[in-house]
Amino acid sequence: MNFGAVQKAIYTLPSRFESELVISGVLATDLFAFNSSLGATIEEQVISSLNRLRSVWDPDQRYSLYSFERQPQTFPDVVLRSSAPNVEPRIILGIELKGWYVLAKEREPSFRYKVTPAVCAPADLLVVVPWALDNVISGSPQVFSPFVIGARQAAEYRNWYWQHIRDTSGDRTITLSSVDHPYPSKSDAIADRPASDSGNFGRLARAGVMVSYISELFDDKLAGIPLSAWQRFLGLFTESRSNADVERGLDRLALSFLFIPLTQVSDCAS
């Protein structure tokens, strides 16, 4: 199996993603709930798109009996599985797929990734697919360039960060899961457990592995305006903010996009 071709298909998703879902009549202040309410639907449509991209990841039709399918509540939640019971291997690779509503209040994905490294097969991937509505507060979902990392690499990095990099005076100990085989059953306890956790263990985005990716992603545009501007604008309108807070926030937002560095001014003058 050409695993690089699978990753190529994943990176092709923004231009090949299709969705029949159309959203309208939603208050802008309610958009932040979309990640939980529509996340599973978006992930299903990503799987459908990957199967339509078979010509990219299986150009020679060597794996015609295989297709991507979802296995809810089991790791990984997407597998490339054979439809015939007598074909081996039954599973070629797995993808832990996370949909991320990119205009949510937090400027980072909030998912928690706690699986122990030993349950990740070498070819398994963790894929985060950012999305938004193509008309910002209405329309169909539009996906952007995904974040792709080896599933085992992500789990090992998470543990290394927790034990050696994280700024804390607390206990850094992690108890690894005893499950040591890929494609575990639903009942297997596959999560690593930190000795001390305030709820942040597994927040991969906070471990720093996605910093450069997120920075580049927010330069992408939606309806001609950078995602970073939409995210910051929508974030101003929360129940806890007064009108004065919103006005000050709008002023700061405008200044951040109107400011021209002095070096550029000097270049223009010359």
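Which residues cover strand 4 on one side and on the other? The close-ups below take up this question and then move on to rings, charges and the surface of this predicted model.

**View 1. Strand 4, with both of its faces covered.** On one side lie Leu125, Val127, Val129, Trp131 and Leu133, and on the other Leu126, Val128, Pro130 and Ala132; all are buried. Since nine of the nine residues of strand 4 are buried, the strand is largely enclosed by the rest of the structure.

**View 2. The neighbours that pair with strand 4.** Let us go through the partners in turn. Strand 3 runs parallel to strand 4, and seven bridges join the two; here Leu97 has Val127 as its bridge partner. Strand 6 (residues 147-150) pairs with strand 4 in the antiparallel sense, over four bridges, and Phe147 of strand 6 is found opposite Val128. Strand 5 (residues 141-143) is also antiparallel to strand 4, with three bridges between them. In this pairing, Gln142 of strand 5 faces Ala132.

**View 3. Phe75 and Tyr113, a tilted aromatic pair.** The whole structure holds nine aromatic pairs. In the one formed by Phe75 and Tyr113, the centres are 6.4 Å apart and the planes make an angle of 55°. This pair links distant parts of the chain, 38 residues apart: Phe75 belongs to the loop between strand 1 (66-70) and strand 2 (78-82), and Tyr113 to the loop between strand 3 (91-101) and strand 4 (125-133). Phe75 and Tyr113 are both buried.

**View 4. Trp162 and Phe201, an edge-to-face pair.** What makes this pair edge-to-face? The planes of the two rings meet at 80°, which is over the 60 degrees needed for that label, and the ring centres are 5.1 Å apart. Trp162 sits in helix 5 (residues 151-165), while Phe201 is in the loop between strand 8 (193-194) and helix 6 (211-217), so the pair links distant parts of the chain, 39 residues apart. Both Trp162 and Phe201 are buried.

**View 5. Two arginines over aromatic rings.** Trp162 appears again here, with Arg166 over its face at 3.6 Å from the ring centre. Elsewhere, the charged end of Arg107 lies over the ring of Phe218, 4.0 Å from the centre of that ring.

**View 6. A nonpolar patch on the surface.** Finally, a look at the outside: Phe233, Phe237 and Leu250 make up a nonpolar patch of about 210 Å². Phe237 is located in the loop between helix 7 (227-235) and helix 8 (243-258). With a relative accessible area of 31%, Phe237 is partly exposed.

Terms used
Residues are numbered from 1 along each chain as its sequence is written. This is a predicted model: local features need pLDDT of at least 70, side-chain atom pairs count only at pLDDT 80 or more; totals for chains, interfaces and linings use all residues. Side-chain values use heavy atoms; hydrogens and water are left out. Patches are made of residues with over 30% relative accessible area and no salt bridge: like charges are joined within 9 Å, nonpolar side chains (Val, Leu, Ile, Met, Phe, Trp, Tyr) within 5 Å. Accessible areas come from the Shrake-Rupley method with a 1.4 Å probe; for residues, only the protein chains shown count as cover. A salt bridge is a side-chain nitrogen of Lys or Arg within 4 Å of a carboxyl oxygen of Asp or Glu. Buried means under 20% relative accessible area, exposed over 50%, partly exposed in between (1.4 Å probe, protein chains only). Rings of Phe, Tyr and Trp (its six-membered ring) pair if their centres lie within 6.5 Å; planes under 30 degrees apart count as stacked, over 60 as edge-to-face and the rest as tilted. A charge sits over a ring if NZ of Lys or CZ of Arg is within 6 Å of the ring centre and within 35 degrees of the ring normal. Two strands pair if DSSP finds at least two bridges between them.
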